[in-house]
Structures are given as structure tokens and as C-alpha cells.
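Me: I've just opened this structure and I'd like to know what the labels on it rest on. Can you take me through them, one at a time?

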Amino acid sequence: MLRLPAWLVAGTLVLVLALVCAPGPARAAFPERDITVVVPWAAGGGTDTLARTLARNGKKYFGVNLNVVNRVGGVGVIAMNSVAMSKPDGYTVGLLTDYLSLYTLLGISDLSYRDFELVALLNRSPAGISVRTDSPFRTLKDLLDYTKANPGVLTVGHAGPGQAWHLAMASLALKYGLKFAYVPFDGSAPVRTALVGGHVSVATTGIDEVLQFYKVNQLRILGVNSLTRVAAFPDVPTFAEAGFPLESPIYAWRGLAVAKGTPPDALQVLRDGFRKAAEDPDYIKLMDDLALPRTYAEYDKFGEFLAATEKTLGPVLDSVGLLKKK
């Protein structure tokens, strides 16, 4: 039997241990290249404007550029699904919106917030209930008392079945046993026109969407579907202040997320960077100018909000005949 010299055996062992224990090639710090932010709506809208303002100073907070890409179609499904299916490396960030909370309930898609790693909630926009300035309804109580006595008479314009503003009004009707005659439009712009023109009695829209009409006194906002007053509308009471509280208001919301399985270190960089970007003066000014409430919440609170939203939406959708998955 061949015996190796002791010095050779010892040297071989040292070499093997050195190879086993040697560190591998160092992983480059995230991010190494530009980050893509996917927006589910067309360029020029409020969601797109928010994303581009948030991304404008991206290099300051991430060391790389944030490039906004618009992918429209399927009421947001195409864009949000593309983010969920993207490589989980942190380089594709999705701007999620409130439609994500509706897909499974409406039977549109199985996609939900559970398919993402959440980064942060950016905004929650409440509905405003408006009438013309010459309307006999001076308060929300006036409106709801009349509706109680005259079920199904008042016409309420909204931006489309299942949309946040429609459901905000429907949640009020469900809670207080009311019946409205809903009139759907293709977006909030024609709803405002119909209200001012006297074609509907009431409009339910994002409160920010009637800012200009409010400023020139073309309409009266009877209440806002929010737990607190909106800074841009200091004299508009919340539903609770008007005497009709809702425990879980339905909002239109916007938030950020990446694909499931994104490495923790990349996630932390994204969460830290977007927190700083949301504190940028340019972003704050834009949000305030557009009357979009800044509602920054970290990923864990964002998840809690989305879970609660799903629970609220089911019964409301059922009340208007839209719930597909019970």
C-alpha cells in the first residue's frame, strides 16, 4: 500500500480547506442598472403623472434611473400580471392600483396582491359626493333622508360599474338601507359634465376630480368617503362627520410592488429608496396640487390595508349584482 509523505498529506488538506472556505465572487450591490416602473394606465393620466414625478429624481435615491413604461389593457391586468411574472430581481417595479383588489371578486383574473412582494402604499383617494350649487340638498343628511323616503328616484352618475366611486356610493347605500338609480358613464369627466348640465342629480367621483368645479363654485360637495378630511377641501365633512360613518371606506389607491421571490436585500433598497422619493419636494407638490392625498404606508401596513379592502368589497359588490366569486 502506497504511503504518502506526511508533509504532502498535510499540504493537500490545507489546500482543500482553503478551496472550500474561500468566499465566492462578491455579489454586486443592487441596483447595477436602471429600474423599470410599469404603469397600468395610459400616459398623461393621474397614475402616470404620479409615477413619472416619483421617478424623476430616482437617480438621487437609487443611483440609477427609474424608467416608466405604460402597459395598458385588461383594466390593468396586462401590466400588473407582467410585473408578477417578471424575473424576481427587483429591476421591474409595478405601480399597482385599486382594480387589483377587484379582479378575483369580479371573475376577471386570479391575480391578487398575494402574488407580489409589496413595497409601499403611496396614495388613497376617497370619493366625494357632489350636487349642483342650486340643488335643494344642502347636506348629506338632506340627500340621504330624501333617498330613504323616495327609494330609486335620485340619479347618481358614476365612472363605471365596479369602479371605486360607484362602490363608495354603494357601500353607503348598503350600510343605511338606501336605493339609488345609478347611471354609469365612461369615466369621471362625463359624470361632472352630466351633473353640471342637470342630467343627473348626484355625482360620485374622486374628490380630487372635482377640484376645479369646487374652486369656481359650480358644485357643492356634501361629503367625502374618508376617515379624515382632505386638506384641499377643508370645509367638506367626512361621511362620519355628516352623521353617516363607514368603518372601512372604499378608496381608489396606488402602491408599489415587485415579483414574488425578490431577494430581501433588493427589496430593502427599493423600500428605502421609494420612501425617500415619496418625501421629495417635487413629488409632494405634485400630489398636493392635484389634491391626491399622500398616504405613504410601509409594506406590512399596505398588506393589512389590502386584506381589509377585500373583505369590505365582497358584500358591496354583491349588493349591486357584480360579485362573481363568493
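Me: How many salt bridges are there, and what makes a pair count as one?

Reply: The count comes to 13. A salt bridge is a side-chain nitrogen of Lys or Arg within 4 Å of a carboxyl oxygen of Asp or Glu. Keep in mind that this is a predicted model, where local features need pLDDT of at least 70, side-chain atom pairs count only at pLDDT 80 or more, and totals for chains, interfaces and linings use all residues. Residues are numbered from 1 along each chain as its sequence is written, and side-chain values use heavy atoms, with hydrogens and water left out.

Me: What makes Asp134 and Arg132 a salt bridge?

Reply: Their closest N and O atoms are 2.6 Å apart, and the cut-off is 4 Å, so the pair qualifies.

Me: Why is Asp134 called exposed?

Reply: Asp134 has 52% relative accessibility. Exposed means over 50% relative accessible area, buried under 20%, and partly exposed in between (1.4 Å probe, protein chains only), so Asp134 is exposed. Its partner Arg132, at 27%, counts as partly exposed.

Me: How do you know that Asp289 and Lys285 sit about one helical turn apart?

Reply: They are 4 residues apart in helix 11, which means about one turn. Helices here are DSSP runs (H or I, at least four residues), strands are E runs of at least two, and both are numbered from the N terminus. The two also form a salt bridge, with the closest N and O atoms 2.7 Å apart. Lys285 is exposed at 53%, while Asp289 is partly exposed at 46%.

Me: Which residues does the salt-bridge network link?

Reply: Asp272, Arg275 and Glu298. Within it, Arg275 and Asp272 have their closest N and O atoms 3.2 Å apart, and both lie in helix 10, 3 residues apart.

Me: Why is Thr47 called buried?

Reply: Thr47 has a relative accessible area of 9%, and buried means under 20%, so the label fits. Thr47 is found in helix 2. Leaving out residues up to four places away in sequence, Thr47 touches Val39, Trp41, Leu95, Thr97 and Arg254, where contact means heavy atoms within 4.5 Å.

Me: What makes a group of residues a nonpolar core?

Reply: It's a set of buried Ala, Val, Leu, Ile, Met, Phe, Trp, Tyr and Cys residues joined through side-chain atoms within 4.5 Å. The largest one has 29 residues, and those with the most contacts inside it are Ile35, Leu54, Leu256, Leu270 and Phe274. Helix 10 gives this core its largest share, 5 residues. A second, separate core of 21 residues includes Leu96, Leu111, Phe116 and Phe305.

Me: What makes an empty space a cavity rather than a pocket?

Reply: On a 1 Å grid over the protein atoms alone, a cavity is a set of points where a 1.4 Å probe fits but cannot get out, while a pocket is an open set with protein on both sides within 12 Å along at least five of seven lines. Lining residues have an atom within 4 Å of a point. There is 1 cavity of 30 Å³ or more. Among the residues lining the largest cavity are Asp98, Trp253 and Leu313. As for the largest pocket, 30 residues line it, and Gly46, Trp165, Asp208, Glu209 and Arg254 lie nearest its centre.

How values were computed. Grid points are joined across faces, edges and corners, and a volume is the space filled by probe spheres set on the points.
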